[in-house]
Amino acid sequence: MSSHSMLSERIAIAKELIKRAESLSRSRKGGIEGGAKLCSKLKAELKFLQKVEAGKVAIKESHLQSTNLTHLKAIVESAENLEEVVSVLRVFGYTDTLGEKQTLVVDVVANGGHTWVKAIGRKAEALHNIWLGRGQYGDKSIIEQAEDFLQASRQQPVQYSNPHIVFAFYNSVSSPMAEKLRDMGISVRGDIVAVNSLLSHPEELQPSESEPDEDEELLQVTRVDRDNVLAHVAFPTEIKVDVCRRVNLDITTLITYVSAMSYGGCHFVFKEKVLTEQAEQERREQVLPQLEAFMKDKELFACESAVKDFQSILDTLGGPGERERAAMLIKRVTVVPDQPSERALRLVASSKINSRSLTIFGTGDTLKAITMTANSGFVRAATNQGVKFSVFIHQPRALTESKEAFAVPVPKAFTSDSAH
């Protein structure tokens, strides 16, 4: 292929990838974190190729082959093949084995954070040679990169389990490398190709002064055979995700779950502006089905402080239906003593961080449970102090049954029209 036709092909690929990256960013409500960064990297690549085409930049043919496009294309394809992609090109900080602070770029974070993907566009031969020490000085082998990923993932648990790591190879990987990665606990995607011995009789090798081990000796005389594909592991195969089965209920969730508003009592204009706003939200998007779906097949917990405060709010403001639902809900919940975790107790009190929230979220942390809450202010404030809790955030609903008598009903026909 001539340099000109290779250049035209690269420009066409860059344009198509920009479109795909843009639609990927739009595919998730609220966008994908890092989506804009991916698009701008692709646009920079396109701009460079167009400068070459216009004769403004002189480059060698080899530069065209080693463009970043291959890697960026691998990122786009990985993201398109995974569920619940939350971010691309995400930078994580971690401490390495020597105690030094490092950063690591994860190409795609998927499955709501449970899966980290490294997309690899380099050819199997180059990767294999670097691993054998035949690369350029300073080239980090894929196996060394895998160790970094494992180290970083242990320091970034999602819902109390470490993210699962996938290395996706878009230009094949040699079978010994694939095997080594699997032994380390990393999933491999892509074509796994054979390696051949360079010598017909390995015994012809001259013994060196220091005897290498058998594996090393065999690897030193191997070459990748790209035509001999031993296995093709495609996306998406089932990616194992450890789902946390414990849920800790915050007061805001207990109230939302029993509120009359969550059971059809949202067709009112209340005297209180905040309640009218919640009713409008509920007509647009019902909160109860979201809570039910998340709580399904999970163990429910609440700490004594949360239940006690919930009960006193209920005694003051709750209507008969709300109290009845509360009694049924509490029967399903295991009430545990307050036991805030050390991390939670390190938080400095502020307008958003009070001792009650600290106790509730901290108890969830000790139980290794996901705390369901509408208190996003506390979650943000804690994160700003470096303490990240595992949470499921939903919209709040207040107790409204006793307020209905003083509210103005909204005609149902009107509300169904306004919902569309």
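**A partly exposed residue, a parallel sheet and two cores**

I393 is partly exposed, with a relative accessible area of 42%, because that class covers the range between buried (under 20%) and exposed (over 50%), as judged with a 1.4 Å probe and protein chains only. The model is a predicted one, in which local features need pLDDT of at least 70 and side-chain atom pairs count only at pLDDT 80 or more, while totals for chains, interfaces and linings use all residues. Residues are numbered from 1 along each chain as its sequence is written, and side-chain values use heavy atoms, leaving out hydrogens and water.

The strand that holds I393 is β13; strands here are DSSP runs of E with at least two residues, helices are runs of H or I with at least four, and both are numbered from the N terminus. Leaving aside neighbours within four places in sequence, I393 is in contact with T373, S376 and V379, where contact means heavy atoms within 4.5 Å. T373 lies 20 residues away from I393 along the chain, yet their C-alpha atoms are separated by 5.1 Å.

A look at the surrounding sheet helps to place this strand. Five strands form an open sheet in the order β11-β10-β8-β12-β13, with parallel pairing; two strands pair if DSSP finds at least two bridges between them. In general, strands of a sheet pair through backbone hydrogen bonds, either parallel or antiparallel. At the edges are β11 (334-336) and β13 (391-393), each pairing on one side only. β12 and β13 run parallel and are joined by three bridges, and M372 has F392 in β13 as its bridge partner. Helix α12 packs on the sheet and touches β8, β10 and β11, with its direction at about 75° to that of β10; angles run from 0 to 180 degrees between N-to-C directions, and axes are lines fitted to C-alpha atoms, for helices over the stretch in contact.

M372 also appears in the interior: it is among the residues that touch the most other members of the largest nonpolar core, which has 32 residues. Such a core is a set of buried Ala, Val, Leu, Ile, Met, Phe, Trp, Tyr and Cys residues joined through side-chain atoms within 4.5 Å. Helix α9 gives the most to this core, with five residues. A second, separate core of 30 residues includes I11, L24, L42 and L72.

Across the whole chain, there are 17 helices and 14 strands, and 45% of the 420 residues count as buried.
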